[in-house]
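Good morning, and thank you for coming. I should like to take you through one model, beginning with the overall fold and ending with a few individual residues.

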Amino acid sequence: MTKGYGDMRNGTMRIALFGANSGIAVATARAFAKTGARFVLVGRRAEPLEALAADLVVRGAKEAAVHVADLADLDALPTVAAGAWERLGGLDLALIAHGTLPDQTLLERDAVAARQAIEINFISPALLANALAPLFEGGRSGTIAVVSSVAGERGRRSNYVYGAAKGGLIRFLEGLRHRLAASGVQVLDIRPGFVSTAMTAHLKQGGPLWATPDRVADDIVRAVEKRRAVLHTPWFWAIIMAIVTALPRPIFHRTKF
Amino acid sequence: MTDIRDAWTTEVASWGGVARPRHLVLRPGTRAEARAIVADDSRLPLLAHGCGRSYGDVALNPEGRLVQMTGLDRFIAFDRDTGLLTCEAGVRLADILDAVCRPEPDGGGWFLPVSPGTRFVTVAGAIANDVHGKNHHGFGTFGRHVAAIELARSDGSVETITPESHPDLFAATIGGLGLTGLILSATIRLRRVAGTALEAEDIRFDDLDAFFALADGSEAWEYTAAWIDCLATGTATGRGIFSRARHAPGRAAVPPALRPRKAVPLTPPVSLVGGLSLKAFNALYWRKLGLRERVLKTGSYEPVFYPLDAIGSWNRLYGPKGFYQFQCVVPPGADGRAAIAEMLRVIAQSGQGSMLAVLKTFGDLPSPGLLSFPKPGITLALDFPNRGPETLALLARLEAVTIEAEGRIYPAKDSCMSAASFTRGYPAKADFQRWIDPAFSSAFARRVGLIGEGSRA
Ligand SMILES: Cc1cc2nc3c(=O)[nH]c(=O)nc-3n(C[C@H](O)[C@H](O)[C@H](O)COP(=O)(O)OP(=O)(O)OC[C@H]3O[C@@H](n4cnc5c(N)ncnc54)[C@H](O)[C@@H]3O)c2cc1C
């Protein structure tokens, strides 16, 4: 058993959540709280973070500290990363879960919005992972887990700006994993499909492809435990995306999704 | 928030699936958002919706706004010394069991004081229907264990109400069917048990008299209820299996999984619960104990409390037309017993069996709510596949027998009782009406005359 998961069982796991109020982060934190983990919760607004901290403590967390920071402020990211690391005297797991789901048609018209979408969905999580890397590397253990998306696997008309940002992130994590392999640090790329969260609340939900955050969280806990590199969650997205990426271009161009 | 045009296309079904009206569904994620919804002076009436485990229409508000509360699922505080748990309105009993009611090394721990037959209900839903469990004779209703409620009203107020601070509004809100305002959070008193596992005994009995004898003789058992074979006729009328259980000191049981392992993936085009399958089910269940008269087991509480939770969305088995549930309580004593016997006769005669007929005696602990359903006596619950007019006729007969016996029908399960039956069954109706928040409404409230049709445009 690896160090990170052993710690999880002992209830001494130290976890930082970036974008702590995202639906996936909350569900994952709750799953780890039951094991008695300690948390530092990073996000933009204090009030929901405080509410989450109280919730995690009732669920069994030994500690849940709140750290208010705007992750869109790219210059501040190294300080944010170091602060989270210091707060618990080191980390066993960093989950980077912030992001937005922008409206593609708006981004096609609005260059500022398009830039912001790329910054928050690619540059910010990438730089944050980069800032955390030497800290984990020094400790020669632990997990950097980042939520990307199945949307990053092939550019599609309906969301190619978001998809490109996530695609960039996927490639970035691939390289970071290569770099950290020697030090034994796990880099986990989490690629969810459709998840029912506040981020997707405006979409028509339901149907077999939609998953609850709980289900995704269970998969994440298991992927951390098994030290996986890439997680499609729920599992059937691995198959769907294998097909989508293999579709010959002439056929692909006739689809609208 | 949701686009109105999309929202209007949202059909929300009751658990029984008989009604699926359209609503404007709002999904607050925080208490602040929920407050803002209540304070927003829209002309559309409001109603909260929890897990939608009510069979009939208490959680429906056709053509109105429906506030889906399951996004408010945070725990706020738990005092491990007193057992006082404060949480948001949409926290489910399953979440409390899973996160808080975990066995301690000695096998004991904190436990839900009262739980209905499914753990997939919200705390606020349990308050609004003042639900009961198999331990009613010892612990009364859920509302007895509520210490405080944070309630938002459409006049813009948000107050924490307790039995001391606001006795009248508190009594109206417990069992208040969601009509007194929006519950944002609540504090409930968990109880200490010496073992989270149960010692459970199933006993076969041959008729109603035997049931009452067993119920009377089971004072030492905390949880009791009986399953009745409602297809049995003649001298076998009222035969069934009596189940009783109590906590096994020092024995631990871990909480059941949060997601059912099996689920019914979609609604079949026709009901799978029909004459033949019902007969088979009842016959099988009756033989569940094999040749033995009684079976004693110690183990998890899940099969005892939540047999139906093992299969997700089991209500879909009834097909697109759905099913009706009927639950009544009639006073103790000879008249009540006669009324139950009469109902079982009517059902067997109609040939419209029920998969699950449950009989239980309520104790005399008073319920704190003005409209709480439980009162001392005998309660019978059954469900019937929806076969149209013949099913409605049967339900009307059962309703008549109930009211005749000075009993009443449980709103959480009801889809058809008349305004007159409600008024006779719930003498505190007029007292209650003073506390209805004018912005709130429900299909049930309009049907039984709690709110006049068109009182709010
Ligand atoms: C298999 C099964 C077994 C059951 N067994 C029992 C049993 O043994 N005993 C029993 O008493 N009941 C039983 N029930 C009924 C169930 O316990 C009640 O219907 C319960 O109230 C459902 O809670 P819910 O969260 O699903 O609420 P809903 O059904 O969604 O709503 C119920 C009521 O609560 C109100 N409400 C919900 N949230 C709020 C809020 N935040 N503020 C104000 N009002 C609110 C709604 O407006 C509505 O009036 C059973 C149901 C099922 C499906």
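What share of the contacts in chain B with a separation of 6 or more comes from residues 24 or more positions apart? The figure is 74%. Please keep in mind throughout that this is a predicted model.

Let me stay with chain B as a whole. Its secondary structure comprises 14 helices and 21 strands. The radius of gyration of chain B is 21 Å, close to the 23 Å that the globule rule gives for 457 residues, so the chain is as compact as a globular protein of that length. The C-alpha trace spans about 60 × 55 × 40 Å along its principal axes. Of the 457 residues in chain B, 57% are buried.

One annotation belongs here. For residues 18-193 of chain B, UniProt lists "domain: FAD-binding PCMH-type", and the entry is an unreviewed one. Over that stretch, the model is 19% helix and 27% strand. The C-alpha atoms at the two ends of the stretch are 39 Å apart.

I turn now to empty space. Rolling a probe the size of a water molecule over the atoms shows where such space is left. How many cavities of 30 Å³ or more does the structure hold? There is one. The largest cavity has a volume of about 50 Å³. Its lining consists of B:Gln325, B:Phe326, B:Leu395, B:Glu399, B:Ile409, B:Asp414, B:Cys416 and B:Met417. Two elements of chain B, β18 (323-330) and α11 (389-404), each give two or more residues to that lining. By class, the cavity lining has five nonpolar residues, one polar residue and two charged residues.

The second largest pocket encloses about 350 Å³ of space. Its lining is made up of 17 residues, and those nearest the pocket centre are B:Asp216, B:Glu219, B:Thr361, B:Phe362 and B:Gly363. Two or more lining residues come from each of α7 (208-216), β19 (357-362) and β20 (377-385) of chain B. Among the contributors, α7(B) gives the most, with three residues. The lining of this pocket divides into six nonpolar, seven polar and four charged residues.

Next, the backbone. Most residues other than glycine have a negative phi, and most peptide bonds are trans. Three places in this model deserve a look with that in mind.

In chain A, the peptide bond from A:Thr233 to A:Pro234 is cis, with omega near -15°. A:Pro234 sits in the loop between β9 (230-233) and α9 (236-246) of chain A.

In chain B, B:Asp130 has a phi near 40°, a positive value in a residue other than glycine. This aspartate belongs to the loop between α4 (123-128) and α5 (136-139) of chain B. Is B:Asp130 buried or exposed? With a relative accessible area of 0%, B:Asp130 is buried.

B:Leu177 is not a glycine either, yet its phi is positive, at about 55°. B:Leu177 lies in the loop between α6 (167-173) and β10 (182-189) of chain B. Its relative accessible area is 6%; the cut-off for a buried residue is under 20%, and therefore B:Leu177 counts as buried.

Finally, some local environments. Helix α2 (residues 23-33) of chain A is mostly covered, with nine of its eleven residues buried. Among the buried residues of α2(A) are A:Ile24, A:Val26, A:Arg30 and A:Phe32.

Elsewhere in chain A, A:Met199 is found in the loop between β7 (194-195) and β8 (210-211). At 34% relative accessibility, A:Met199 is partly exposed. Apart from neighbours within four places in sequence, A:Met199 is in contact with A:Gly99, A:Thr100, A:Leu101 and A:Tyr162. A:Val244 is 45 residues from A:Met199 along the chain, and their C-alpha atoms are separated by 24 Å.

My last residue is B:Leu97, in helix α3 (residues 93-99) of chain B. B:Leu97 is buried, at 1% relative accessibility. Which residues does B:Leu97 contact, leaving aside its neighbours within four places in sequence? They are B:Arg102, B:Phe111, B:Leu112, B:Arg119, B:Pro255, B:Tyr301 and B:Tyr306. B:Thr180, 83 residues from B:Leu97 in sequence, is 28 Å from it, C-alpha to C-alpha.

That concludes my presentation, and I welcome discussion.

Methods. Residues are numbered from 1 along each chain as its sequence is written. Chains are lettered from A and ligands numbered from 1 in the order in which they are written. This is a predicted model: local features need pLDDT of at least 70, side-chain atom pairs count only at pLDDT 80 or more; totals for chains, interfaces and linings use all residues. Side-chain values use heavy atoms; hydrogens and water are left out. UniProt positions are given in the numbering used here, feature names are shortened, and annotations may be inferred rather than shown by experiment. Helices (H or I, at least four residues) and strands (E, at least two) are DSSP runs, numbered from the N terminus. On a 1 Å grid over the protein atoms alone, a cavity is a set of points where a 1.4 Å probe fits but cannot get out, and a pocket is an open set with protein on both sides within 12 Å along at least five of seven lines; lining residues have an atom within 4 Å of a point. Grid points are joined across faces, edges and corners, and a volume is the space filled by probe spheres set on the points. Ala, Val, Leu, Ile, Met, Phe, Trp, Tyr, Cys and Pro count as nonpolar, Asp, Glu, Lys and Arg as charged, and the others, Gly among them, as polar. The radius of gyration is taken over C-alpha atoms; the globule rule is 2.2 Å times the number of residues to the power 0.38. Buried means under 20% relative accessible area, exposed over 50%, partly exposed in between (1.4 Å probe, protein chains only). Contact means heavy atoms within 4.5 Å.
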